[in-house]
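Open the model in your viewer and keep the selection tool handy. We will stop at a strand, a helix and then a whole chain.

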Amino acid sequence: MSKTMTGAKMVVQALVDQGVDVVFGYPGGAVLPIYDEIFQQNHIQHILVRHEQGAVHAAEGYARSTGKPGVAMVTSGPGATNAVTGLTDALMDSIPIIVLTGQVPTFMIGSDAFQEADTVGITRPCTKHNWLVKETDELAGVIHEAFHVATSGRPGPVLIDIPKDVQFASGTYTEKSKRKSHYKPQLKGDIDTITDLAKAMEKAKRPIFYTGGGVINSGPAASQLLRELVAATNFPVTSTLMGLGAYPASGDNWVGMLGMHGLYEANMAMHDCDLMINIGARFDDRITGRIEDFSPKSKKAHIDIDASSINKVIHVDLPILGDVAHVLEDLINVWKSRGRKTDKENLAKWWDKINEWRKVDCLAFKQEGKVIKPQYALARLEALTKDHDRYICTEVGQHQMWAAQYLGFEDPNRWMTSGGLGTMGYGFPSSIGVQMAHPESLVINVAGEASWLMNMQEMGTAVQYRLPVKQFILNNERLGMVRQWQELLHGERYSQSWSEALPDFVKLAEAFGAKGILCDDPADLDDAIMEMINYDGPVIFDCLVEKHENCFPMIPSGKPHNEMLLGDASTKDAIQSGGAVLV
Amino acid sequence: MSPLKIKKGATSHSAYDLRSTFGDAIERHTLAVIVENEPGVLARVIGLFSGRGYNIESLTVAEIDHTGHLSRITIVTSGTPQVINQIKAQLGRIVPVHDVHDLTVEGASVERELALFKVAGKGDLRIEAIRLADIFRANVVDSTLESFVFEITGTPEKIDAFAELMRPLGLQEVARTGVAALARGVVSHG
């Protein structure tokens, strides 16, 4: 039975059929017919953001915290161009989101009409795929295909551009089950290579699992299988920024995050290992440091669903193309059926070595005096919130790295941060998306004051929908990471890296109808954090911290893993001319 | 705390120099890319090459299956083996791309290109031009008292050679189609 309806109604029907319960958006001339349909139904809740960038980041937060695709809806022209940063962010971090954009009517496309932009042209390089729908009959099928593409294989953002006349016209609705697609990424890995990896695991003297966001994206089963494999083999496990929570931070085999601001023991273990098993990570430049010296002695295996990630940066010996959960399941079965062997004697020596590195205690800090150290603020936040049903978002910069270092993640989908693109302004709208998906949970956005100001307009959204998101701002009145690099690289010339004319955050919160808390004394910090947690509503927590703190450990640009900086002492000339051109 | 093992002296290596761990020799490859014939698909392919800094030496595209909505894009590109592999993997993940075939490594293939040459000249030059065209099996598709348009088909190298010969004989204009290529034998790539 075929149903006839308007394009606008099709959009709502297709979203309902895809199980969508919330859409983040902002109306405008070119999407009015769809907004008219949204007005006349109760299946989908629409969250009105204050800027289209916020809508896309909120959809990202929703997607990352649920594992389901997030949906954003914006108008043509400026609505679409404002969505570009969020789309690029989602592409870099492989987040499944569907962005619906209005477009001028088909007969006006190309005429420089009011609020016209070449949306599919602009977003082609920042989406996994996009469509301009010119026939109402094709609209529902495209929307169903868009959900399939966004969530299959390596997930990513997709965009559907819908001209206004297509929204008004009537057409035949295509059922979800009738969708036609040739897009079917390979899920099962090559069993021969998986067997080779099992054999390598049996012989490895110094193995390590290097896990990434792919484990999270593969779904909860992948995290479960990873935990099973780690427990059965007793191999150490490290993770990228994107993969935190796939293996619990309290787990015995956890050696901490690796990379530029990763833990000493994790980076040393990566450098000295003889078998590196990359599971759903992509050898990002924040991870590898200098390519020539990246883990020079190891055999490398790489499990990834995206063929273009394999051998892109680092040549690997055992490439396995497939979905993490599928491959791990096969790997565990093969390894077990071969007798569950590991080189226990050498593995014990390897752990001795790792435990020696752990003794360096690279995250140690001293809280002295009357000024709050940012590390202390996060350590206290961790202590006071870790037993809550908790979700953490971050902005981008020093606070983000400290959050990754000092907060512990026990489960996947609990940690929302802009990894690949490094988008300042991501965290706050993202926390709104997370809170929408988890209304009863404690959602905290760890922020810097500079990042937070970039999307502060979303306070209106948080207050309007009574979303009790906690904005935990480590306020150093600086662009801290920029300042750190200027100190290390640019002769302590702090060009434009301080925040002047900052608002009074408490008054700002009150102006929006939210609660503001100021804390500038370490002695008051615990009480202030408890006040934030216990307040039933959005809170801006202005935590005044040490202004000149640097984030360590740090692998300077262009350096290998075993040349980490551990503290402020003699960081001078740490980054030489070859590394200075890198970001 | 003090930093560990900080080496003195600048490094000339860049973390972004991705090619040194692989073969350095630049290779020329001909790729056949079978794509869904939908709007923007060529822009996706070209955007990939420009966005990621790959070379395009030649590119041809046309619909090959009207009912199946399929087009064939033939791309001649060059790069180190690692870059060639990346190009293929990146092409493969474009959603409307059905298949990517590297004709250079997947057995023998034939490559042909068509070109039109406008040559203007008088007297001996004109006679020499038509004599050489005959040797190259080029056809005259337009002729005036002072000019010829030659049509020539062959490998890119043959067309290059013909162009070199025509240059001193009054070559005015060249139009080339770019390479079309097929695997030899019964192998079929759609």
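Begin by selecting S15(A), where both faces are covered: A:Arg390, A:Ile392 and A:Thr394 on one side, A:Tyr391 and A:Cys393 on the other, are all buried. Here a residue is buried if 20 or more other C-beta atoms lie within 10 Å of its own, exposed if 12 or fewer, and partly exposed in between, with C-beta atoms placed from the backbone. Strands (E, at least two residues) and helices (H or I, at least four) are DSSP runs, numbered from the N terminus.

Before you go further, note that this is a predicted model, in which local features need pLDDT of at least 70, side-chain atom pairs count only at pLDDT 80 or more, and totals for chains, interfaces and linings use all residues. Residues are numbered from 1 along each chain as its sequence is written, while chains are lettered from A and ligands numbered from 1 in the order in which they are written.

**The neighbours of the strand**

Add strand S17 (residues 442–448) of chain A: S15(A) pairs with S17(A) in the parallel sense over five bridges. Two strands count as paired if DSSP finds at least two bridges between them. Look for A:Ile392, which stands opposite A:Ile444 in S17(A).

Next, show strand S16 (residues 415–416) of chain A, which also pairs with S15(A) in the parallel sense, over two bridges. In S16(A), A:Met416 is the bridge partner of A:Cys393.

**A helix to measure up**

Now move to helix H7 (residues 136–151) of chain A. What span should its 16 residues have? At 1.5 Å a residue (times one less than the number of residues), they should span 22 Å, and the end C-alpha atoms are 24 Å apart, which agrees. Buried residues of H7(A) include A:Leu139, A:Ile143, A:Phe147 and A:Val149. Among the elements covering the buried residues are helix H1 (7–17), strand S5 (97–103) and strand S7 (157–163) of chain A. Just after H7(A), click on A:Gly153, whose phi is positive, near 60°.

**Over to chain B**

Finally, select chain B, with its four helices and nine strands. Of its 190 residues, 24% are buried. Colour chain B by pLDDT, the predictor's confidence in each residue from 0 to 100: the mean is 88, and 87% of residues reach 70 or more. Over residues 1–21 of chain B, the pLDDT is below 50. For the complex, the predictor gives an ipTM of 0.90 and a pTM of 0.93.

Conventions:
Two residues are in contact if their C-beta atoms, placed from the backbone, lie within 7 Å.
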